[in-house]
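Here is a walk through one structure for a reader who has not seen it before. Please keep the sequence and the 3D view open while reading.

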Amino acid sequence: MTQITDIPALLLSRIRDVADHPEPGVMFKDITPLLADPAAFAALSDALAQIAGRTDATKIVGLEARGFILGAPVAVRAGLGFIPVRKAGKLPGATLSQAYDLEYGSAEIEVHAEDLTAADRVLVIDDVLATGGTAEASVQLIRRAGAEVAGLAVLMELGFLGGRARVEPALAGAPLEALLTL
């Protein structure tokens with residue numbers, strides 16, 4: 001097996017720009033080529049699992065939907081439990097919900113109430129930190145469930161959208177790590 005020495009370059013080389021998606025003027029960052037490359041996907045999973053280790057996380061929360069794809073293998077690699085945070089109405093049973101504002105409207109996320117406890121340190125994983133609304137809401141939701149937030153880790157941060165400034169106060173000193181900043 002070949003040793004990968006420049007993980008950021010590998011990851012960036014597997015992210016495809018798609019112009020005018022989902023609307024004109026937007027440059028969408030498509031991670032499906034990265035997911036299709038087993039070496040790149042493994043390197044990504046390993047890098048995020050190392051962050052989980054550094055934060056002493058006991059559980060991984062993945063944000064719907066690409067956070068599920070990234071977070072589940074990280075949880076397996078790190079030997080941790082995986083908790084999905086879903087859009088409202090998708091989880092059966094008792095849930096906790098958190099509403100948040102979007103640029104044009106609002107949304108709501110949920111987690112199973114019994115999946116997190118006061119003994120948990122939770123690392124939130126997602127593919128992109130953009131404006132920070134979903135990430136901020138997930139941090140609030142984890143705390144409302146009684147768990148501690150160990151940090152937030154993302155594949156890429158779109159720095160020009162200002163999400164870090166929005167979510168860092170909610171993290172209250174817990175780390176925010178982006179493998180790539182664009």
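The paragraphs below take up a pair of strands, then two helices, and end with a pocket.

The model is predicted, and every value given here is computed from it. Residues are counted from 1 along the chain as its sequence is written.

A good place to begin is the stretch formed by β5 (95-102) and β6 (105-112). These strands run antiparallel to each other and are paired over eight bridges. The link from β5 to β6 is a hairpin of two residues. To follow the pairing in the 3D view, find S97, which stands opposite E110 in β6. Another residue of strand β6 is I109. Is I109 buried or exposed? Its relative accessible area is 4%, and buried means under 20%, so I109 counts as buried. Although I109 and L96 are 13 residues apart along the chain, 8.4 Å separates their C-alpha atoms.

The next element to look at is helix α4, which covers residues 66-78. Its 13 residues reach 19 Å from the first C-alpha to the last, close to the 18 Å expected at 1.5 Å a residue. Which residues of α4 are buried? They are G67, L70, G71, V74 and A75. These buried residues lie on the same side of α4, because they cover an arc of only 130° around the axis. The spacing has a general background: an α-helix has 3.6 residues a turn, so residues three or four places apart point the same way.

Helix α5 (133-144) can be read in a similar manner. It has twelve residues, and the distance from its first C-alpha to its last is 17 Å, close to the 16 Å expected at 1.5 Å a residue. The buried residues of α5 are G133, A135, E136, A137, S138, V139, L141 and I142. After α5 comes G146, with a positive phi near 100°.

Several of these elements meet again at the largest pocket, to which β5, β6 and α5 each supply at least two lining residues. The same holds for β2 (27-30), β4 (81-87), β7 (121-129) and β8 (148-157). What is the volume of this pocket? It is about 1,300 Å³. The lining consists of 38 residues, and R66, V128, A130, T131 and L161 are the ones nearest the centre of the pocket. The largest share of the lining, four residues, comes from β7. By type, the lining residues divide into 21 nonpolar, six polar and eleven charged.

Key. This is a predicted model: local features need pLDDT of at least 70, side-chain atom pairs count only at pLDDT 80 or more; totals for chains, interfaces and linings use all residues. Side-chain values use heavy atoms; hydrogens and water are left out. On a 1 Å grid over the protein atoms alone, a cavity is a set of points where a 1.4 Å probe fits but cannot get out, and a pocket is an open set with protein on both sides within 12 Å along at least five of seven lines; lining residues have an atom within 4 Å of a point. Grid points are joined across faces, edges and corners, and a volume is the space filled by probe spheres set on the points. Ala, Val, Leu, Ile, Met, Phe, Trp, Tyr, Cys and Pro count as nonpolar, Asp, Glu, Lys and Arg as charged, and the others, Gly among them, as polar. Two strands pair if DSSP finds at least two bridges between them. The expected span of a helix is 1.5 Å times one less than its number of residues. Buried means under 20% relative accessible area, exposed over 50%, partly exposed in between (1.4 Å probe, protein chains only). The arc is that of the directions from the helix axis to the C-beta atoms.
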